[in-house]
Amino acid sequence: MTLLPRTSFLKRKPELIMLVLLGAAFFVLYSFSSFGSPTKFVSPDETANYFFTKSFAQSSSLSVSEPLDSFAPGLIRPRSVDLVEGKPYTDMVQGKLVPNSFIGLPLIYGLIAKVFSLAMVRFITPMIAIIAVIFFYLLVKQLFDNRIAFFSSLLLFLQPAFWYFSGRSMMHNVPFASCVIITVYFFIKAVRFSKLMNYIFLGIALGLAIIFRVSEAIWLLPMLLILFLVFKKRISWLKAAVSLLTLCLFLLPIGYLNNKLYGNPLAFGYSQETLDFGTIGSATTGLGLKISQALFPFGLNLGLALHNFYDYFIVIFPWYAIPFGLGLVLFFRNWLRDWLKPSESGRITRGQKTYALAFLFILIWLVLYYGSWDLKEFSDPDRIILGHSYLRYWLPVFIFSLPFCATGLSWMIDWFKTKKLKIFFGIFLACLIVALSITTVLFDPLYGLAKIRRDIAGYEKVSQEVVKLTPKNSVVITGKGDKVIFPERKVIAAFDLGNIKLRVEIKGLAKQAPIYYYCQPVEINCQELEKQAAAFLPTIKLIELSTLSDQASFYKLEFP
């Protein structure tokens, strides 16, 4: 009896093997700002996420006691952290710091840190990103040809927004977008093969996506429901019920923790600021206004949304936007040809049409939802910046646009007639995309990962200087410098020396703990601060102790 020769896995799956090998290299690139650097971060969201991740890893709690809060209610906290007062049937009492963001990341990363080590926490997001690229290849391969799937995956590795926020390891946007990729992949598998495990993994991936960013459920769940209805003849509704049960099992702990932290299972940190639940639920509020506030908590401004889309999708990354536009035109041109000449149809499959429509839904929704939010994140509002929040909010748009981008690039390469010219132009395009992405992500002068790495080292140096200048129970008024000082010292991020009520509270607090003022020249004119303090003599004294290594002035506040 002879055995048939087996084709090696390497020969059968060369693209997948190549993506795995590239994934190892990109894991290092994505972790560039974390390797060997202090646990400091350039945004308050990352600082808070790491703080609560560490808290959950060490004490299994997402709330941290702040005993001094009773002397200055609501003041002693950094940005992106809330102080929630006690409510019936919760474990919260006044003086507990809680997340001002979604609790999914600190909960999941904290659990991983419990099993392994807190030291690996900053490398979880890069690892998730690499896994997402592999799943994206498998997803696109189900709908398009292997060439488009492979090109799309390579483009995802290099996509500047995806790369950049994979390097911002304590932001929840890349884990969320990655789980959406995996959710869509298992949905396609469930439709095609109807195996129970596909439905279970679909529920798990969807649950994780919502846990990371619960606010995105407003578009993610309806989109999946519509897709289930579109493919209802190929759906096993019994298995779909198992998928729904799996989803609920994942979401129940989040509802329980939200109730413990915020007194409402449907509430979360951001919702306390962006949504007025009292207004939305009021009987006197018009139905249209209720729906509008629920669907568009930041308002609805079509002109602003289109302007932001132009700046933060087209202008910022033209080496992706141009092929995307070309690929989208080619796709709908072929679709139109199929419609006009049914006898010659076959250029566009049903799965590809569904993908395109789902993508347009995601694009329109996220651009309107977040693009209507007038975010000012830089001193020059007209300057397009790499670190802007629109980029992370629109990650699903960037990601699911890539098959069209790959289609455009493929057409550009195939435009040449000879094989040599195709190879030469393909190499040229690859080098151009790699060079532009590396230059943008690593070396952007304001927000590049190399700049972030330098900033983190500087923050650590200043933090250690403050620790040496102050006793452990100190409170430091910081402004936006809270990310530098916290959590080594308690901080007050928002404080106006001219506010009488705040001065009275700070004077009472000063009897319990020494008060200091960290004055960054880029944020506050320190000379004006000194003049302002002098106007309140003798009730308050501002004594300069030192000029720190970042040129900030460091003062002690005294109340004679």
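1. A quick definition before we start: two strands are said to pair if DSSP finds at least two bridges between them. Keep in mind as you read that this is a predicted model.

2. With that in hand, look at strand 7 (residues 541-547) and strand 8 (residues 553-558), which pair in the antiparallel sense over six bridges. One bridge to look up is that of K541, whose partner in strand 8 is E558. The two strands form a hairpin, with five residues between them. In the turn, Q551 has a positive phi of about 70 degrees.

3. Now step back to the sheet that holds this hairpin. Five strands make up an open sheet, in the order 5-4-6-8-7, and the pairing is mixed. Which strands stand at the edges? They are strand 5 (490-492) and strand 7; each has a single partner strand, so one side of each is left without a neighbour in the sheet. On average, neighbouring strands here are turned by 30 degrees against each other, direction ignored. As background, strands of a sheet pair through backbone hydrogen bonds, either parallel or antiparallel.

4. For a parallel pair, go to strand 4 (residues 475-477) and strand 5, which are joined over three bridges. There, V476 stands opposite V491 of strand 5. Helix 24 (residues 500-510) lies across strand 4, strand 5 and strand 6 (515-519), and runs at about 125 degrees to strand 6.

5. Next, a helix pair. Helix 16 (residues 318-340) packs with helix 20 (residues 402-414) at an angle of about 90 degrees, the axes being 6 Å apart. Angles from 65 to 115 degrees count as roughly perpendicular, so helix 16 is roughly perpendicular to helix 20. From helix 16, the contact residues include Y320, F324 and F331, while helix 20 brings in L402, F404 and W411, among others. What kinds of residue make up this contact? They divide into 13 nonpolar, three polar and no charged.

6. Last, a loop residue you might click on: F35, found between helix 2 (14-30) and helix 3 (44-59). Is F35 buried or exposed? Neither label fits, because its relative accessibility of 35% makes F35 count as partly exposed. Setting aside neighbours within four places in sequence, F35 is in contact with F27, V28, F123 and R453. F35 and R122 are 87 residues apart in sequence, but their C-alpha atoms are 8.9 Å apart in space.

How values were computed:
Residues are numbered from 1 along each chain as its sequence is written. This is a predicted model: local features need pLDDT of at least 70, side-chain atom pairs count only at pLDDT 80 or more; totals for chains, interfaces and linings use all residues. Side-chain values use heavy atoms; hydrogens and water are left out. Axes are lines fitted to C-alpha atoms, for helices over the stretch in contact, and angles run from 0 to 180 degrees between N-to-C directions. Helices (H or I, at least four residues) and strands (E, at least two) are DSSP runs, numbered from the N terminus. Angles under 35 degrees count as roughly parallel, over 145 as roughly antiparallel, 65 to 115 as roughly perpendicular and the rest as oblique. Contact means heavy atoms within 4.5 Å. Ala, Val, Leu, Ile, Met, Phe, Trp, Tyr, Cys and Pro count as nonpolar, Asp, Glu, Lys and Arg as charged, and the others, Gly among them, as polar. Buried means under 20% relative accessible area, exposed over 50%, partly exposed in between (1.4 Å probe, protein chains only).
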